[in-house]
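Hi,

Here is the structure I promised to pass on. Have a look at it first, and my notes follow underneath.

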Amino acid sequence: MKNAVIFTDSAEVKSYVSELENYGIAPNAQVYESLESFKTAIGILSPDVIIADDAKIKIDEFASIIIKCSWRVFKMGTMEIASKNHNKFKFYVSYCGEADKIFDERIFYKEIDEAALTDFFIEKYRKLSNGIIVSAIKDFFVKIGIYSNLLGYDYLLEAVSMSYNNKKLINSVTTELYPMLAEKFNTNYRNIERNMRNAIEISCNRGKFYEIANSVGGNFDVYEKPSNSEFIAFLVDRISIMK
């Protein structure tokens with residue numbers, strides 16, 4: 001998301017918006033206390049998220065302001081928050097673009113406390129993050145010639161994803177990672193190891209692995225194939241660059 005524009009003069013609402021920023025919900029948030037400056041900011045910034053304090057503006061007026069934004073389609077909702085101080089405040093939210101992956105119909109049009117909403121956003125971001133990681137791994141596999149028809153494809157995909165989320169697994173591939181994969185895929189660890197190694201060898205024999213891997217910071221010798229653990233460790237280390 002690019003940014004968020006907020007209209008409020010409430011210290012409590014500002015405090016809550018800062019909490020949203022911590023979870024990337026309202027990045028680069030700009031708070032306006034003047035309605036005119038709020039309107040101007042929307043027209044100039046075309047933000048992904050627009051938040052207006054119910055105490056300062058009514059829904060009809062909020063909707064008319066949204067129309068002036070350069071985005072053609074916005075989704076809108078009303079959030080009523082029970083704060084840590086046991087006060088309640090309501091604000092209107094409009095969002096589009098990447099924010100559509102974060103906000104959810106379930107959190108609108110009902111009262112919710114800050115803790116529950118924060119938990120919701122954390123879970124949402126965890127799922128989004130995992131999705132981004134898996135997509136990055138798949139993209140890299142395609143580039144180096146590891147396709148989904150290979151038996152080791154799913155094993156490698158899960159191995160890299162699991163190791164990315166739990167770095168300790170990189171140092172215990174044989175004793176922990178293989179058994180975990182074997183249980184997940186209902187097979188034995190020898191089958192996991194063999195098919196992963198076969199997929200890596202096919203990529204290396206085609207010559208694509210060395211070219212692509214070394215272009216993103218790898219240092220692999222074309223005469224030496226990486227082991228399963230080396231391959232997994234490399235992708236885990238470089239995934240932030242590749243995604």
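Of the 243 residues in the protein, 45% are buried (under 20% relative accessible area, with exposed meaning over 50% and partly exposed in between; 1.4 Å probe, protein chains only). Keep in mind that this is a predicted model, where local features need pLDDT of at least 70 and side-chain atom pairs count only at pLDDT 80 or more, while totals for chains, interfaces and linings use all residues. Residues are numbered from 1 along each chain as its sequence is written, and side-chain values use heavy atoms, with hydrogens and water left out.

On overall shape, the C-alpha trace spans about 65 × 35 × 25 Å along its principal axes. The radius of gyration is 24 Å, whereas a compact globule of 243 residues would be near 18 Å (taken over C-alpha atoms; the globule rule is 2.2 Å times the number of residues to the power 0.38).

The protein has nine helices and six strands (DSSP runs numbered from the N terminus: H or I of at least four residues for helices, E of at least two for strands). The six strands make an open, mixed sheet in the order β2-β1-β3-β5-β4-β6, where two strands pair if DSSP finds at least two bridges between them. β2 (30-32) and β6 (110-113) are the edges: each has a single partner strand, so one side of each has no neighbour in the sheet. Inside the sheet, β1 (residues 4-7) pairs with β3 in the parallel sense over four bridges, and valine 5 stands opposite isoleucine 50 in β3.

Serine 46 is in the loop between α2 (35-45) and β3 (49-53). Serine 46 is buried, at 11% relative accessible area. Its C-alpha atom is 9.0 Å from that of alanine 4, although the two are 42 residues apart along the chain.

Now for the interior. The largest nonpolar core has 38 residues, and Phe141, Ile146, Met196 and Phe231 have the most contacts inside it (such a core is a set of buried Ala, Val, Leu, Ile, Met, Phe, Trp, Tyr and Cys residues joined through side-chain atoms within 4.5 Å). Among the elements giving two or more residues to this core are α4 (114-144) and α5 (153-165), and α5 gives the most, with eight residues. A second, separate core of 25 residues includes Ala4, Ile6, Tyr16 and Phe91.

Phenylalanine 231 touches residues including Phe141, Leu156 and Phe209, not counting those up to four places away in sequence (contact means heavy atoms within 4.5 Å).

Cheers
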